[in-house]
Amino acid sequence: MARLNLREYLKGPRGGALVMAACLVIPFIDRNGSHINFLVDAGAFVLLALGLNIVIGFAGLLDLGYAAFFAIGSYAFAMLSSPQFGIHIPIWLMFFIASGIAGIFGILLGAPTLRLRGDYLAIVTLGFGEIVPQTFLNLSQYTNGPNGISSLDQPVFFGFRFGFNPVPYYYLMLVLIVLAILVARNLRDSRLGRAWMAIREDELAAAHMGINTTAAKLSAFALGASFSGLAGVAYASKLGLVSPDQFKFNVSVFILSMLVLGGMGNITGVVVGSLVLSSLDRFILPQLTSFFHDVLHLNIDFTNSRFLIYGVIIVLVMLFRPEGLIPSRQRKAELHAGDSDASAAAAEQQLYNKAGV
Amino acid sequence: MDVFLQQIVNGISLGGIYALIALGYTMVYGIIELINFAHGDVYALGSFVSLAVLALLGVQDEVHGAALIGVIVLTLAGSMLACGLVGVLIERLAYRRLRNAPRLAPLITAIGMSFILQNVMQLWKGPSPVPVPQFIPNPTLFHSGAVEIQLKQVLVVVLAVVMMIALQAFVTRTRVGKAMRATAQDRDAAQLMGININTTIALTFLIGSALAGTAGFVSGVYYGTAVFNAGFAAGLKAFTAAVLGGIGNIAGAMLGGFLIGLIEALTTQFISDQWANVVVFSVLVAVLIFRPSGLLGESLPNKV
């Protein structure tokens, strides 16, 4: 009973405030720069996962090339806020510009393809994710090809220069994540969000209820892409450079596995899933490798098989717990809707087998 | 003009490989309406299995006479068998459970399976391209000006066309082929007619993946290298070929494969090889917008 009360107690704004307070004091407690650095990188992936969650989790559209929008956001910042062309737009403005550009590309890609069936969309986004980094690589007179664009502008906040200290970036990322969570929550509960979920569950029925499905899907695509614009600017400014190999297909699948693990459609789940996988990537696998090496005297490099592990996570979770670790209630009901049918079909099959049909 | 004709020859042989992969995509999509993302990686696996069989046979250099036929048959058979079984295994493990689940679920596991296969191959043979022994003598068969046709190129096209004709005959003339078509049309009704749909679907994966294994063998011979992630780009192009020809249509997959091969060869020659992927992808988007049923496909209404 006490446990239940604690759960109730932590639900809603009170729990959020506690988590927020903990996040605010982390840099004061943990003074290890590399840890804060990790949290900033992980934060960028939280933003990406939140954005992809709008497309896959809310609207049920499988986007397999999400890293392309991340690339577009990052390159927009790199080109408009660096010595590359001598343009120095302040980062605060770039957040709006880059997410706008990413959103426009979302519309450009979505407009011709969203009227098609869902699986065609998956393959088109897969192709898009492949050619965007390729295009940045090919246009080397503007992007320096494989070398990428470096010495990007560092943020200046009322005269305070961010420099190479990760702590200000940490707080910047925190602000962005809080904003993104608020936006995602409001979208989910809005008329548009309910339209997305209706489309996700049954597109035909949604269309018959008077929802303009193409417009709703297009807005999911554009809004999801704009989140990755934010992530792109923040990530590129902290790293100080962009290069085409940061946005490979692997990145899209990495973000997808965060969603699948955490629970598609659930904001808390997606944030947790993304933090878990980021730490797996950065800490747990290297630790496991050195543990096997030092203690068990086995030379197994787990970091080499990280993508194998993400693939296994995706398949296992989809097979055995498709709603993820922290499910959204609606999504769970939907994903298990087929179960009774399946068991009925199995029973039927048994009947046939017995009858020798 | 010679350059153009030579690229036509190259494009057609390249297209033979895409056509073989596209056949598997189109069969699987035709029967369970799933884009099997792992299919491209099964193709890449085909090259690796061919490598392994060649190593087992101790083949390093050119082989002649009857031994050549033996090596080709053994390598091809090994590659087809291994890939076919992997295909069946993928269906059993990752797709069968989700046959009645929402559309998104099997698509996501398909991507996961593709990733698993790719990384297993990377762990097996490392990240850099592995050379495949050139055991087939490669004389130039035809020579006119600067245009030449090599034995390898003829081999690819002949193999692809023979496979397609055999597959078409199998699907339209045999009892099992009829069961496949029935399952594709209406799974429940097929089951009520006494067709074992699990076996039928597994068989579809077996044949489709064996064809990908053929393509893997051929591409190992043709390019002389095998690399773990070759399946990604080739799979995307082969899928484009299947959509271009009309998904679910066997002759269409073949036609689409040859067209995509030609487009890629001509782009590489006259624009730049860096843009070949971009051009092929634009073709995919254009086909989906203007003629989603493909060149030979019939337009199907959405199943409700």
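## A walk through two chains, starting at one tyrosine

B:Y18 counts as buried, because 31 C-beta neighbours lie inside 10 Å of this residue, and 20 or more are enough for that label. The model you are looking at is predicted, so please read each value here as computed from that model. B:Y18 sits in helix α1 of chain B, which covers residues 2-32. Leaving aside residues up to four places away in sequence, B:Y18 touches B:K237, B:A238, B:A241, B:G257, B:I260 and B:G261. The fold also brings B:Y18 and B:L259 together in space: they are 241 residues apart along the chain, yet their C-alpha atoms are separated by 9.5 Å.

Let us follow that lead to helix α10 of chain B, residues 250-270. This helix has 21 residues and reaches 30 Å from its first C-alpha to its last, close to the 30 Å expected at 1.5 Å a residue. Is α10(B) mostly covered or mostly open? It is mostly covered, since 15 of the 21 residues in α10(B) are buried.

Next come pairs of helices. Two packed helices are described by the angle between their axes and the distance between the axes. In chain B, take α9 and α11 to begin with: their axes come within 10 Å and cross at roughly 30 degrees. An angle under 35 degrees counts as roughly parallel, and α9(B) and α11(B) are therefore roughly parallel to each other. Their crossing is left-handed. On the α9(B) side the meeting residues are B:A233, B:K237, B:T240, B:V243 and B:L244, and on the α11(B) side they are B:N277, B:V280, B:V283, B:L284, B:V287 and B:L288. Sorted by class, this contact holds eight nonpolar residues, two polar and one charged. B:K237 may look familiar, as this residue is also one of those that B:Y18 touches.

A second pair in chain B is α3 (residues 65-95) with α8 (residues 197-223), whose axes come within 7 Å and cross at roughly 140 degrees. That angle makes α3(B) oblique to α8(B). The crossing here is right-handed. Among the residues that meet are B:S79, B:C83 and B:G87 from α3(B), and B:F205, B:G208 and B:A212 from α8(B). By class, the contact has 13 nonpolar, nine polar and one charged residues.

Now over to chain A, which has 16 helices and four strands. Of its 357 residues, 46% count as buried. Among contacts in chain A between residues at least 6 apart in sequence, 76% join residues at least 24 apart. Two of its helices, α3 (residues 33-58) and α11 (residues 213-239), pack at an angle of about 170 degrees with their axes 8 Å apart. They are therefore roughly antiparallel to each other. Their contact includes A:V40, A:L47 and A:F58 of α3(A), along with A:F221, A:F227 and A:Y235 of α11(A). The residues of this contact divide into 17 nonpolar, three polar and one charged.

Finally, where do the two chains meet? The contact takes 35 residues from chain B and 42 residues from chain A. On the side of chain B that touches chain A, α4 (104-125), α9 (230-245) and α11 (276-290) each supply at least two residues. Which of these helices gives the most? It is α4(B), with 13 residues. By class, this side of chain B has 26 nonpolar, seven polar and two charged residues.

Terms used. Residues numbered from 1 in each chain as written. Chains lettered and ligands numbered in written order. Predicted model: local features only at pLDDT ≥ 70, side-chain atom pairs only at ≥ 80, totals over all residues. Expected span 1.5 Å × (residues − 1). Buried ≥ 20, exposed ≤ 12 C-beta atoms within 10 Å, placed from the backbone. Axes fitted to C-alpha atoms, helices over the stretch in contact; angles between N-to-C directions. Parallel < 35°, antiparallel > 145°, perpendicular 65-115°, else oblique. Contact = placed C-beta atoms within 7 Å. Nonpolar A, V, L, I, M, F, W, Y, C, P; charged D, E, K, R; others polar. Left-handed = near helix turned anticlockwise from the far one by under 90°.
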